[in-house]
Amino acid sequence: MSSPEIASLSWGQMKVKGCSATYKDCKVWPGGSRTWDWRETGTNHSPGVQPADLEEVVQKGVKTVVIGRGMSEALQVPASTVEYLKKNGIDVLVLQTEKAVAEYNALAARGVKVGGVFHSTC
C-alpha cells in the first residue's frame with residue numbers, strides 16, 4: 001500500500017489525494033489519512049509533538065516520518081519525540097510544513113513507506 005499524495009496545502013487547509021475531507025492538521029500513512037486532533041493527546045505548540053501523536057502512524061509500518069512544524073514553525077518537536085522514532089528504527093525529518101509536504105510527497109512518489117503529521121497554520 002502506498003502513501004497518499006498531499007494534493008494541496010494552504011494556511012489552515014490541507015487536501016490528501018483520494019480523500020474528500022479538508023484537514024487543518026493531518027496524519028497520513030500508507031493507505032490512509034485522518035484529522036490530527038491535538039485534543040486527543042493534549043498537544044500544544046509547546047512542548048509540541050509527543051510520541052502519542054505519532055503512535056498511530058508508527059503502527060502502520062512506516063520507515064520514515066515527516067513532521068511539519070507549521071507555516072511559521074511554531075510547533076515544537078522535543079528531542080524525546082525524535083528519540084522515540086529512532087528507537088523504533090524510523091527515519092525522521094522535522095521541517096517547516098511547506099518543505100515537509102514537499103519532502104513527504106517526494107518520498108511517497110519514490111515508493112517509500114512514509115507517514116507524517118502536519119500542522120497547517122502557525
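Reader: Over how many bridges do strand 1 and strand 2 pair?
Author: First, a heads-up: this is a predicted model, where local features need pLDDT of at least 70, side-chain atom pairs count only at pLDDT 80 or more, and totals for chains, interfaces and linings use all residues. Residues are numbered from 1 along each chain as its sequence is written, and side-chain values use heavy atoms, with hydrogens and water left out. Strands (E, at least two residues) and helices (H or I, at least four) are DSSP runs numbered from the N terminus, and two strands count as paired if DSSP finds at least two bridges between them. Strand 2 covers residues 13–16, S8 stands opposite K15 there, and the antiparallel pairing of strand 1 with strand 2 runs over four bridges.

Reader: Which strands stand at the edges of that sheet?
Author: Three strands make up this open sheet, in the order 1-2-3, with antiparallel pairing. An edge strand has a single partner strand, so one side of it is left without a neighbour in the sheet. The edges here are strand 1 (6–10) and strand 3 (22–23).

Reader: How many helices and strands does the whole protein have?
Author: Let's walk along the chain from the N terminus: the elements go β-β-β-β-β-α-β-α-β-α-β. The tally is three helices and eight strands.

Reader: In the hairpin of strand 4 and strand 5, which residue takes a positive phi?
Author: Strand 4 (residues 25–29) and strand 5 (residues 32–35) run antiparallel and are joined by four bridges. K27 stands opposite R34 of strand 5. Two residues lie between the strands of this hairpin, and the one with a positive phi near 90 degrees is G31.

Reader: In strand 8, which residue is the bridge partner of C26?
Author: Strands of a sheet pair through backbone hydrogen bonds, either parallel or antiparallel. Strand 4 and strand 8 run antiparallel, with four bridges joining them. The strand 8 partner of C26 is F118.

Reader: How many residues of strand 8 are buried?
Author: "Buried" is under 20% relative accessible area, "exposed" is over 50%, and "partly exposed" is in between (1.4 Å probe, protein chains only). In a regular strand the side chains alternate between the two faces of the sheet. In strand 8, V114, G116 and F118 point one way while G115, V117 and H119 point the other way, and all are buried. The strand is mostly covered, and its buried count is six of six.

Reader: Which residue in strand 8 does V65 stand opposite?
Author: Strand 6 runs parallel to strand 8, and five bridges join the two. The residue facing V65 across this pairing is G115.

Reader: Which hand does the β-α-β unit of strand 6, helix 2 and strand 7 have?
Author: Strand 6 and strand 7 (residues 91–95) run parallel with five bridges, and T64 stands opposite D91. A crossover is right-handed if, with the strands pointing away from the viewer, the path from the first strand over the helix to the second runs clockwise. This β-α-β unit is right-handed.

Reader: How wide an arc do the buried residues of helix 1 cover around the axis?
Author: The buried residues of helix 1 (residues 51–58) are D53, L54, V57 and V58. Their narrow arc, taken from the directions from the helix axis to the C-beta atoms, puts them on the same side of helix 1. They pack against strand 4, strand 6 (64–68), helix 2 (79–87) and strand 8 (114–119). The arc they cover is only 130 degrees.

Reader: Is R69 buried or exposed?
Author: R69 sits in the loop between strand 6 and helix 2. Leaving aside neighbours within four places in sequence, its contacts (heavy atoms within 4.5 Å) include L75, V94, H119 and C122. Its relative accessibility is 17%, so R69 counts as buried.

Reader: And G111, what is its relative accessible area?
Author: G111 lies in the loop between helix 3 (97–109) and strand 8. Its C-alpha atom is separated by 9.2 Å from that of M1, 110 residues apart along the chain. G111 is exposed, with a relative accessible area of 57%.

Reader: What radius of gyration does the protein have?
Author: The radius is taken over C-alpha atoms, and the globule rule is 2.2 Å times the number of residues to the power 0.38. For 122 residues, a compact globule would come out near 14 Å, which agrees with the protein's value of 13 Å.
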